[in-house]
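The following exercises concern a predicted model. Each task is followed by a solution that proceeds step by step.

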2 protein chains.
Amino acid sequence: MTATTSAARGGVDLGGTKIEAIVVDSRSTVLGSARRPTPTTGGPGDVAAAIVEAMREACHFAGIESSSLRGVGIGSPGVVDSTTGAVTGARNLPGWSGTFELGSTLANGLGTKVFVGNDVQVATDAEFHLGAGRPYKSVLGVFWGTGVGGGLILDRKPWVGRGGAGEIGHMVIVKDGARCTCGRRGCMEAYAGRAAMEARARKQVDKGRKTDLFHLMEERGRNRLTSSIWAHALERGDKLATQLIDEAVEALGAGVASAVNVLDVEAVIIGGGLGVRFGELYATRIARAMQPHLFHDENPPDVVIAALGDLGGAIGAALLARGKR
Amino acid sequence: MTATTSAARGGVDLGGTKIEAIVVDSRSTVLGSARRPTPTTGGPGDVAAAIVEAMREACHFAGIESSSLRGVGIGSPGVVDSTTGAVTGARNLPGWSGTFELGSTLANGLGTKVFVGNDVQVATDAEFHLGAGRPYKSVLGVFWGTGVGGGLILDRKPWVGRGGAGEIGHMVIVKDGARCTCGRRGCMEAYAGRAAMEARARKQVDKGRKTDLFHLMEERGRNRLTSSIWAHALERGDKLATQLIDEAVEALGAGVASAVNVLDVEAVIIGGGLGVRFGELYATRIARAMQPHLFHDENPPDVVIAALGDLGGAIGAALLARGKR
């Protein structure tokens, strides 16, 4: 083991669709990466096995054994106990309604220390340390994708509450409003999440509304409306897509402004599949939609787009293993 | 000056209706107190003069010169710069839309150091250090009165953001909903604040709805619906009062749960005129109204009533002057 390899760390972004594994050096430069589809059947043990495979493959490309890594960080959905590495109620993952000892299982499989954090929080940490959040001491990360997740940095430190903080997608913005994918009513995510927008689009199509969204999906051989399909439909001027995205921006404006009214952070960082795909124009649109709801409207936070793109989650996860052995 | 008097501190709760000044010893026991109506005309200078008067009177009862106090803390509305003691945009106070150097003005008038903090935040600090928040490391203070204010303790420390955090009353709970006293739409305070509830009651009366609320107000020689008038009307089974309070509780449920979804604090402390007046039964009612909106509904925070009552704000303000000279 050389001095160079001993500083290398692993990072895994465990998503509902894919597992992204990377190996980085001490400066967070990516040395190797690998990707696996997230198992859709089985249980937490199968997900852990897929993570070990992906991490080993990333190590292979980086030319290092997983056991030589300084450590591996995992960004996981669900409620994370960062002390024990246990993950509870990761509802987008198969058979994971209870608690699973993800950290120790992976530590056995990889032969190195494993640190587990919340997926959205580690992506926020990455933006704070290495990306769009570097100029600030307090930021709210808003990850606009299938759902709407939030991560917090307050006074340069992550805030995770009792392990479940940052659920900005489930702030109520329309009491007794639309049904959310979580089963509750009127959540911001029920208007702004990609899964909810797709459900709304399908309902409109069932009512006879015209849209290119689902033709684009079929053309591309996909079974869901990806961020790129939404972007393409907007470029074509598709009326239903435009209306639903406008409604999503309005919902984000109300919800994110509400969070800012409570926290008064310096900056809001917009990431996630839709956020990264839509870019600066949408940071401006979301800032404009927040303005009427900001209590201190004379002093709005900066609203910026995430700088690390798709790998931000894995890079942030690798930060968990920094300086710990 | 004896050792005893040198440990004494002053605390002022600067409210829209009244100025409450106290002198406390090192254990926060109240040695003297005084109260003045808050000037409704003039400007910040007149408010500062009234604070000096009230503080001097409290000192008189405590048998101490204001210049012998270890320091005086002020809990102020508006955006507070705690470093300089400047207060900006205290919109419930006369002629105070701009910035006023409250700290230095009072330091001159009282002959001791003056520390300025946000009114709701210092009341939350008081509950955290001396009241209902003592068992916890993270709390959200919810002050349910004329408006709905919020204060935050995260990891045992106050969180004030850029000086304007804690505006939970202006979280959007019904996008495009009822007009709030702040001019915006759909804020929690538009449904739950006492001022907004009174406006809603008047509208219903104008439409021919029956209620005892305004008779009770006249009987007591008041010109607004106080917490005690609302409590009395509820005891009598007044239908309009019951309906409006039910709606307020529902609004608090949605808004406070949204804040908890973001912050995942251990406890919510309900204070303010209505909160303190209504007591434990309403802590339970608010907890029940939060439950359907909590994302981690398996792990709700404790919901408790503020323990320090009306003096909590002034006691918390006095904490600002603790250990600083």
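**Exercise 1. Identify the residues of the largest nonpolar core that touch the most other members, and list the contacts of A:Ile270 beyond its neighbours within four places in sequence.**

Solution.
Step 1. The largest nonpolar core holds 228 residues. Within this core, A:Val12, A:Ile270, B:Val12 and B:Ile270 touch the most other members.
Step 2. The contact criterion is a distance within 7 Å between C-beta atoms placed from the backbone. With neighbours within four places in sequence left aside, A:Ile270 is in contact with A:Val142, A:Trp144, A:Gly275, A:Tyr282, A:Ala283, A:Ile286, A:Val303, A:Ile305 and A:Ala306.

**Exercise 2. Determine how strand E9 of chain A is enclosed, and which strands pair with E9(A).**

Solution.
Step 1. Strand E9(A) covers residues 139–144. A residue counts as buried if 20 or more other C-beta atoms lie within 10 Å of its own. Six of the six residues of E9(A) are buried, so this strand is largely enclosed by the rest of the structure.
Step 2. The side chains divide into two sets: A:Val139, A:Gly141 and A:Phe143 point one way from E9(A), while A:Leu140, A:Val142 and A:Trp144 point the other way. Both sets are buried.
Step 3. One partner is strand E10(A), residues 148–154, which pairs with E9(A) in the antiparallel sense over six bridges. A hairpin of three residues connects E9(A) to E10(A), and A:Leu140 stands opposite A:Leu152 of E10(A).
Step 4. Strand E12(A), residues 267–271, runs parallel to E9(A) and is joined to it by five bridges. Here A:Gly141 has A:Ile269 as its bridge partner.

**Exercise 3. State the operation that superposes chain B on chain A, and describe the side of chain B that touches chain A.**

Solution.
Step 1. Chain B is superposed on chain A by a rotation of 180° with 0.0 Å of shift along the axis, at an RMSD of 0.0 Å. This is the relation of a two-fold axis.
Step 2. At the interface, 35 residues of chain B are in contact with 35 residues of chain A. The elements of chain B that give two or more residues to this side are strand E10 (148–154) and helix H9 (239–263). H9(B) gives the most, with seven residues.
Step 3. Sorted by class, the side of chain B that touches chain A has 18 nonpolar, eleven polar and six charged residues.
Step 4. The interface residues of chain B are 100% also interface residues in chain A, so the copies meet through the same surface.

Technical notes
Residues are numbered from 1 along each chain as its sequence is written. Chains are lettered from A and ligands numbered from 1 in the order in which they are written. This is a predicted model: local features need pLDDT of at least 70, side-chain atom pairs count only at pLDDT 80 or more; totals for chains, interfaces and linings use all residues. Copies are superposed by least squares on the C-alpha atoms of residues with pLDDT of at least 70 in both. Two residues are in contact if their C-beta atoms, placed from the backbone, lie within 7 Å. Helices (H or I, at least four residues) and strands (E, at least two) are DSSP runs, numbered from the N terminus. Ala, Val, Leu, Ile, Met, Phe, Trp, Tyr, Cys and Pro count as nonpolar, Asp, Glu, Lys and Arg as charged, and the others, Gly among them, as polar. A nonpolar core is a set of buried Ala, Val, Leu, Ile, Met, Phe, Trp, Tyr and Cys residues joined through C-beta atoms within 7 Å. A residue is buried if 20 or more other C-beta atoms lie within 10 Å of its own, exposed if 12 or fewer, and partly exposed in between; C-beta atoms are placed from the backbone. Two strands pair if DSSP finds at least two bridges between them.
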